[in-house]
Amino acid sequence: IRCWSNIPFITVPLSRAHGKPFAHRSELKHAKRIVVKLGSAVVTRGDECGLALGRLASIVEQVSMLQNQGREMMIVTSGAVAFGKQRLRHEILLSQSVRQALHSGQSQLKDMAIPVLEARACAAAGQSGLMALYEAMFTQYSICAAQILVTNLDFHDEQKRRNLNGTLHELLRMNIVPIINTNDAVVPPPEPNSDLQGVNVISVKDNDSLAARLAVEMKTDLLIVLSDVEGLFDSPPGSDDAKLIDIFYPGDQQSVTFGTKSRVGMGGMEAKVKAALWALQGGTSVVIANGTHPKISGHVITDIVEGKKVGTFFSEVKPAGPTVEQQAEMARAGGRTLAALQPEQRAEIIYRLADLLTDQREEILLANKKDLEEAENKGRLALPLLKRLSLSTSKLNSLAIGLRQIAASSQDSVGRVIRRTRIAKDLDLEQVTVPIGVLLVIFESRPDCLPQVSALAIASGNGLLLKGGKEAAHSNQILHHLTQEALSIHGVRDAVQLVNTREEVEDLCRLDKLIDLIIPRGSSQLVRNIQKAAKGIPVMGHSEGICHVYVDMDASVEKVTRIIRDSKCEYPAACNALETLLIHRDLLRTPLFDQIIDMLRVEQVKIHAGPKFASYLTFSPSEVKSLRTEYGDLECCIEVVDSVQEAVEHIHKYGSSHTDVVITENEKTAEFFLQHVDSACVFWNASTRFSDGYRFGLGAEVGISTSRIHARGPVGIEGLLTTKWLLRGDNHVVSDFSEHGSMKYLHESLPLPQRNAS
């Protein structure tokens, strides 16, 4: 028992039947009963006089959405004082205006002094208007709201506590949103937080403590505290080294320096943290986030409930390893050390990794077998994904060969001078290659991607974050361990990091201050999702692989079926597989056309007819739903064109700028196709499947890019480099080159240094 304002009350939360708080953000989507606490800075305008109506409407919309999903929502709101202050100021100005007009005949208000308004009077004047506003807003979503004003007595008197609890439960049962506030019209003046010195005690003296107390009393699953800062920082927000704390654990208070409280309201961040820890101890999960930022306030509540990385999440479960932010920082530091190594040392690391892939073959295949067995038992993976998941001795041998190619070709990748210019006498400029920084590679099902991408990152001196699919967890774990073992020979073990925490891909895509480039490796849906989620981080890749083969009227009979079969049937799930077959009109009803159809039938390829092709047939295959389709299976579309020009136009309209092929013996036609098709890879008389880093001699690839800047096509070491400019002078200043200056620009091109012959 403690006393507050001479009133005794119980200081320990009631026992909770719903168990412990959620351990991870991803579990928040299971929250049934949620309290949303709106701080004064969220509800009020910047001038502290009146409400932020647009922000409030957005919050009501999100709460209504969650309520209509079947959740039980409660709001603890501030704002009565600010709303009352606005009304009372208006009344005082109006009253003074009338009196001044009566006494002096003047109605000018500029010299009027507005007295200091007492907060309790403001609360009394503003409470009814605030509730009327909430009612009007919730009515738009067919939701009823009810007002409850509370004081300490309602929690500390046993009978009143029971009454309050019963009222809230009955409102929730009737699908009504309770809107709760401290009864600021009758509360005593604020006192020091003496009762918040430990997390076992709390009283209701502000809406932070009210929200925490209410959450525990009502056995709430989640408490969302919205303020005017992004969350909890390790030092006051705005200071140079301040970092947002993603997850806060009990006992971490010593590592945090608290700043001043917000511009309005009674509680600062320290009070919020203590209230949050008290609620967490009582079994309620807590997130503190920004409810005022215009870019996120419109979805901050729903984002939190969906488990997205927003604000600071309070958890009792501390992960064994580093956070993903710490991993990214480790990768950047390791990458910089890696880039500073001699080229021979980076190559030595890759050679060592290639040796480990063959030396540790049995351990790798055993781990892969576990992944395959788990995937088959769960039955969640389609056959093409199971094939990608599978490793074999031959795959590991091919991987090792590819890694040795990378090592051999990486000798002068980093620090290569690509341009030299003499700006003026004794002022020389160089443009040299440097690593991009930290790469985030997200891949599905393909554990062989891990050593490939790691080798390319090592060769180019980049730090690397890897996020693999959980279906390949065992395989990825051992391959990453071997990668770090190889890196250890030159002390750069941390340069390649495997993300093992329960991070959602969308959350990783928001780490724009830590990651410089995202490279997705997986389905077109994965790539599209990442391109949509990435905010401020460039994404290298392609969302679709709609590859075309155009069979010209001058095509060779011997070449056509071989190239089409290989392009479509060798690996139909690949992004460089044929999806649309364009046939010159003059080839219809010819033996060559019949051979193409017969071959596709033998290979059990399902044919979809394009609109023009269907118009030529009495009984046609099923007409294609869209000419812009990536089947990823033994299916393809056949369409008819009148000329190579029409084939090019079709590819530009319906293709994805990935890989397109012409089959013809007419060199003029072929050159027209090669020059005019605007895709990353354009081939003549060759299978689409050649669009691959290994087949191009790059050793391996991090993916195939259809982007029009930086790297395009299969991306190897060169695509993971950027440049920087080095200027070497001797007391040069720009003013020397002015009209009356003593120096003149030369801008002479200088010869490049000889490249390493090895």
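How many disulfides does the structure hold? The structure holds 0 disulfides, a disulfide being a pair of cysteine sulfur atoms within 2.5 Å.

The model is predicted, so that local features need pLDDT of at least 70 and side-chain atom pairs count only at pLDDT 80 or more, whereas totals for chains, interfaces and linings use all residues. Residues are numbered from 1 along each chain as its sequence is written, and side-chain values use heavy atoms, with hydrogens and water left out.

**View A. An open sheet of 6 parallel strands.** The strands follow the order 19-20-18-17-21-22, where strands (E, at least two residues) are DSSP runs numbered from the N terminus and two strands pair if DSSP finds at least two bridges between them. Strand 19 (606–609) and strand 22 (681–684) form the edges, each pairing on one side only.

**View B. The pairing of strand 19 with strand 20.** Strand 20 (residues 635–641) and strand 19 run parallel over 4 bridges, and alanine 609 stands opposite isoleucine 638 of strand 20.

**View C. Helix 19 packed on the sheet.** Helix 19 (residues 557–569; helices are DSSP runs of H or I, at least four residues) touches strand 17 (547–551), strand 18 (578–584), strand 20 and strand 21 (659–663), contact meaning heavy atoms within 4.5 Å. The direction of helix 19 makes about 160 degrees with that of strand 18, with axes fitted to C-alpha atoms, for helices over the stretch in contact, and angles running from 0 to 180 degrees between N-to-C directions.

**View D. Cysteine 569 and cysteine 636.** Cysteine 569 is in no disulfide, and the nearest cysteine sulfur, that of cysteine 636, lies 8.3 Å away. Cysteine 569 counts as buried at 17% relative accessibility (buried is under 20% relative accessible area, exposed over 50%, partly exposed in between, with a 1.4 Å probe and protein chains only).
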